[in-house]
Each structure stands twice: as structure tokens, then as C-alpha cells.
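Q: Please take a close look at one part of this model, the place where two chains meet. Describe what each side brings to it, and then follow one of the elements involved back into its own chain.

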Amino acid sequence: MRKASPGRKAAVLAALPLMIVAACGGSDDGGGGGGSEGGDQSDAGPYRLGLVHSSEGPFATNSDTMRAGARYAVELINADGGVNGRDVELVEVDARNDPQTLVTAIPELVSEEEVFAIVAPVDSAGCEIACAIAADLQVPIVSAGAGRPGVLEPSRPWSFTMTAPDAANSIPVLEAVMEQEGAQTAAIIVDEANATTKAQGDLYAEVFDGSGVEVVSTTTYTSGDPSFTSQVTSMAAENPDVIALAAGPADAARIAVEVRTQGLESLLIGTGSLQAGGTDYINGAGEAAEGTITAAQFNPDNPDDPAATLLAQAEEDNGLDVVALNFSYAFDIVNMIAEYLTETEATASPETIEEDRQGLLDYLEGVDPYEGMSGDVRFAEDGTGDRPELYAVVENGQFVISEVGS
Amino acid sequence: MLIQQLVNGLLLGTTFALIALSFNLVVGALDRLNFALGETAMVSAICGALLLSRLDLPFVLAFLAALAVGALVAGVTFVLSFRFVSADYHTAPILSSLGVGLVLTSLVTRVLGSDQRRVPTVLDDVRIEIGPLRIVGDQLIILVVAALMTVLLYVFLNRTPWGTAIRGVSDDPDMSGLLGIPVQRVILLTFVISGMLAGASGLLTGLSFHTVSPFTGFETTLTALMVIVLGGLGNITGGVIAAMMIGVIETLTVAYLSATYRDLIVFVLVGITLLARPQGLFTRDTGVVGRV
């Protein structure tokens, strides 16, 4: 177990002024539960949070990154004394990109594991199912990555996502990029087996329509397809100025390599999802990723505190070259829940858990803004994150973030 | 573009052909399928990819290492799943080798993680253009190595004493044993050679696809099964032709129809073949069910 360094404590304090509140709270709940009496609740056992990740599927790496961010948040919180004197515990479930697993896992998390709230799957397809089930059970659930338009509709008001919807964020950004690059023709390659990437395909069509770019080729594949030679050959025949990647980051990386292997010099573009899974994309594609432009909503080099301090500390503690979007979003989700628990001294005991969950819901809806590792975030009426419009260019193996119009 | 896509399909087929050859060798020796060969290819490919990307070893050394790993894994599979299993229990080796495959996948994901591994381009600057046809350096490597391995296998089986022994055991193990051929050692050798072919197929496929994933083992097995059902179980020439057919069909389906129909069309073709010619398109021998 790593010790909390002074720098890490500073990071915790930057994100969690609530710790001071916790330290000052003197009331003793007497072990009796009942009401959100709080203070030192160290006899009450840990606060349990569910976390649903997926070790398989096109967004498996994003999921791993999300899990790492949540674990890091819990590690820091517990190293600093926990919340209300209680540790925070993550109860993790691997959904393996299987809807059926979600259908059984979410009720189990709630009824068997008695989790207070849930960190939702990072991908929109998984989030949509998990959030709907959690909403039925009236458990707050927050995703660190779901960005497909309408993904939260079936599960509001219990669901939230830290991400701005792909369409809201990516369309204006990519339209500006098309104008900036003077693109005339484009090809789109779509993963047909995934609802999120299919939505990305529609998004690109809207971008190209809006910016007057002619779509000369649309090719498809299905997640996990071994080879992209055929698809890229089809696109190469049209020699497009731009190739739009409606793909998970690992698949996008292989497409990029195939594009460059076949000697195509087209500009590769992606939505914010590609930047979110950036490490996987860049590691997978290597030099072929250079020059790729994506929409972005998260700046890993954010110069403003507390984000800057937290990002620097996370890089140091986790040996990261750069903090990924899903990592920071998951970190912030755990800390937001911890902040609520501290501020309200909620016990989340069986007697009060329903009331406390409703309280968390109200807290999340009222956040204005939460200042965390991922920057400032507040939630829109539809539960999606309100984020800045940025774009990212891969330069020397890293995403370099710029503001649109800069 | 059609010519280019046909060539792409044929090149894809060459990687299928190697793994199908690998399956067919084992079927020839034992009349059993080694369902861990897909995972054997995966493990070999990941080892080769790591040597290429992490240690910057030349492709030739990484390729030889992949062959060695494939041989080792196949040898271990033989001991675990076939050597001591009674011939009376036909399904036991199938289930056992499936289990070995699952263990291999779990081991790789536990030790090396579930990430895809990048296979770096070997001949980055080589690109041959003949009219509308373009072949890149790595495709050239796949073509040459696959052809070389097929020829070497043919020469080994037909021109060496051990190759003759393998063919003898394949035809009649009892008679071969009575003639003094060490049957179990010959079968082990067959497994080792099939593992080497699987290793070669794994790394060449990785080179073609630019990555290898720990989860592709069973998919590889499935593809090989399609090939040997079409080509005829144990029929090496038929297997090569069927592999090329499947490669071309898959490539043209993706290019001109949709990626979602890729497997469907091949499965339909295999289904029709099983109904109409269960012995395969290119053999007059007993059908798949009768052999295994």
C-alpha cells in the first residue's frame, strides 16, 4: 500500500475541502443509525460504491482507465481518513460487454452488496442498460464516459454522465476543423456492431453535410474484425481528404495503421470518444496516429487549479505521462459522492439509504460547478455534463489540446 | 479496385491456410481436432509481437521464436489432452483441448493484460505497384513465408523418413506400430509441427492485421474449422484452396456488401457444404462427423 505523500495530501485537500468538515463533525451516532447524523461513523463499516466496468468490447481500455481513476480516488480518500471516519469501498463488477451480465449485476449490486450509488459503464451502450436498471431501483448512477445522444433518457432523473454528448460537443468542433483544413471529400468507416459508433457515423454525416464536404465512401466493419485491408482499399480508391473514424480507440488505431500502410495521406478525424481513449489509440497506432484531429472536452494540461494540481499529482502517483479523460471523470465522480456524504454526514444505512440516495440526486443536480480533476463540470437538465468545446491534435505521440478558433 | 480486393482476399486466405494446415496435420495423425490450436497461434503471435516491439528484434528472430513457442504449446497440449486419453472417449480430447485453450487465454490476459499488442510494420518502405495492383512490404512477407512454409511442409512430409512416418501413422497407426515406427513419438512430432504452423500463422496474421489480441484464439479455431469443412478434413490441398476461397469471399463481402454479412455468408456456405457434401468440396473421403 502506498503512503500518502505530502503532495498527495495537498491534492486531496484541493479536491476535498470536505475533509475539514468531516474532521470537525463531533456528533456520535451511537451506532444506532437512523437519520443522517454523521460525524465520526467509523463503526458503521465502509461506504460501498458500485463500479461497473467491462474487460471486453471496443471500449475495454476506456473502461480500464475509468476503473483506475475511481480506484485512485478511493485510495486517496481512504489514505486521508475516509469519509466521516469510514472508508470508501468499491464493489466492482466486470460486465464483459454483455448486456445480460448488466441485467443481473446491477440488481445484485443494489440488493446483495447494498451499494449507495454506482459508477456506470463508460460506454454508452452499457450505460444505457445499467442506468435504466439502476433508475428502476432508484439508485443514483453516474457514467464517466457515456456520450451518445439520448443515452440517459430512459433513466432520468437517476442517471448522470460527466461527458458532454458527442453530438453537442463534436459537431461544432469538427465543422470548424473541416473549414480550417479546407476539406472537400471525406470517407467514413463505421463499426456497425456498436450503437455508440453507429451514432458517431450519423454524427459525421451531419458534420460533413453541415460543412459542405462530400462523403465519397462509407465502409463498415464489426467490432473485433481482424482486418481492415478491404475497407481501407475501398476508401483508398476514392482518395478522400478526410477519413472519419466511427470506431472504438483500439479499432481506430488499427484502421490508422492500415491507412498509412496503404500510403493514404488523408486526415484522420475522431469524435471526443477517440480522445477519451487516446492512450489506446496512440499506443496502438504509433506514428500512424500523428496528425489525427479529434473533438475534445477535457484538457489534460488544464492550467487552472484545482485541476492542475490534481492532474499533476495523478500523473506522479500513477506513473502516467498524461491523465486520460475517463480517469479524471471517474476520479471526480467518486469525489463528488464523497463530498455529498461528508457535507450531509449521510450514513447510507439500510434505514436511511433511500433518503440519502435522493439527497445525492439533489446534490448532483445542484452542482454549480464542481471543480475537480477534469475541470469545472455541472449537469444539464438531461443529466449530461456541460463541458468546453475543444479539439485535439496528435503531435509527437500526445494529444495537444486547443480551443476552437484559436 | 476489384483486382486489389481479390489480392487482399488471397493474402488473407494464406494466413487461414497455414492454420488449417495445422489442424489437418493433427487430424491426419489422430483423427482428432486440437481445439487449442487457435490459442496456440495467439500465444505465439503475442510472444513474437513483444519481441518485435519491445526488444526490437529482427523479424526473422521473432518469427523463429513464434515457431518455437507454437511447437512448445502444441507439445504440451498433446501431453495434457491427447496422450493419455483413451481412444474410446471421442469427446474427451475435444473438451480437454478446448479447456487448454481457455487456460491459455486466461494466462495471457493475467500475465500480459487484455490489451491488443501492436505488431510493428517490418518492411515499411517497400511497396510494389503493378498497374492498379499494389502490394505492401508486409503483404509480400506473408506471401513469401506462407508459400515457403507450405513447400517445406510438403517436402518434409514426402521426402524425409520422419515425414514418411507421419504419413504412415496417418494412414494406419496399428500397422505402422507393427512395422517398428514409434507411433507416439511420431504423433508428438506431428503436434509440434502443427504448433509451428499455428505459430507462423499467428504472427503472420498479426503482421497483416497490425495487432494481436489475446481474445482471438477461438475465432481463429472457428475460421480453421470453416476451412477444413469446405476443403475436406485431412485434405491439405483442399484446405489451402478453401482458405483462399474464404479469404476472397470475406474480403469481397466487406468491400461490396457489408461487414455484418462477412461471417454470415461463409457460415451459409459451410452449412450448405455440410448438407450437400459433408466430406468437403475437394475430397471423396468420409465426412467430418465420420472422421472426428
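A: **Where chain B meets chain A**

In this predicted model, chain B and chain A bury about 2200 Å² between them, and 51% of that area is on carbon and sulfur atoms. The size of an interface is often stated in this way, as the accessible area lost when the parts come together. On the side of chain B, the residues that lose the most area to chain A are Arg118(B), Phe209(B) and His210(B), which together account for 23% of what that side buries.

Counted by residues, 26 of chain B are in contact with 31 of chain A. Between the two chains there are 13 residue pairs in polar contact, but the count of salt bridges is zero. Four elements of chain B give two or more residues each to the side that touches chain A: α1 (2-30), β3 (133-136), α8 (183-209) and α10 (236-256). The residues of this side divide into 13 polar, seven nonpolar and six charged.

One of these elements, α8(B), also packs against a helix of its own chain, α6 (residues 161-171). The axes of α6(B) and α8(B) are 10 Å apart and meet at an angle of about 105 degrees, so α6(B) is roughly perpendicular to α8(B). From α6(B), the contact is made by Trp162(B), Ala165(B), Ile166(B) and Val169(B). From α8(B), the residues taking part include Val183(B), Arg185(B), Ile187(B), Leu189(B), Thr190(B) and Ile193(B). The residues of this helix contact divide into nine nonpolar, one polar and one charged.

Methods:
Residues numbered from 1 in each chain as written. Chains lettered and ligands numbered in written order. Predicted model: local features only at pLDDT ≥ 70, side-chain atom pairs only at ≥ 80, totals over all residues. Heavy atoms only, no water. Contact = heavy atoms within 4.5 Å. Buried area = accessible area lost by both parts, 1.4 Å probe. Salt bridge = Lys/Arg side-chain N within 4 Å of Asp/Glu carboxyl O. Polar contact = N/O pair within 3.5 Å; in protein donor to acceptor, adjacent residues only side chain to side chain. Nonpolar A, V, L, I, M, F, W, Y, C, P; charged D, E, K, R; others polar. Axes fitted to C-alpha atoms, helices over the stretch in contact; angles between N-to-C directions. Parallel < 35°, antiparallel > 145°, perpendicular 65-115°, else oblique.
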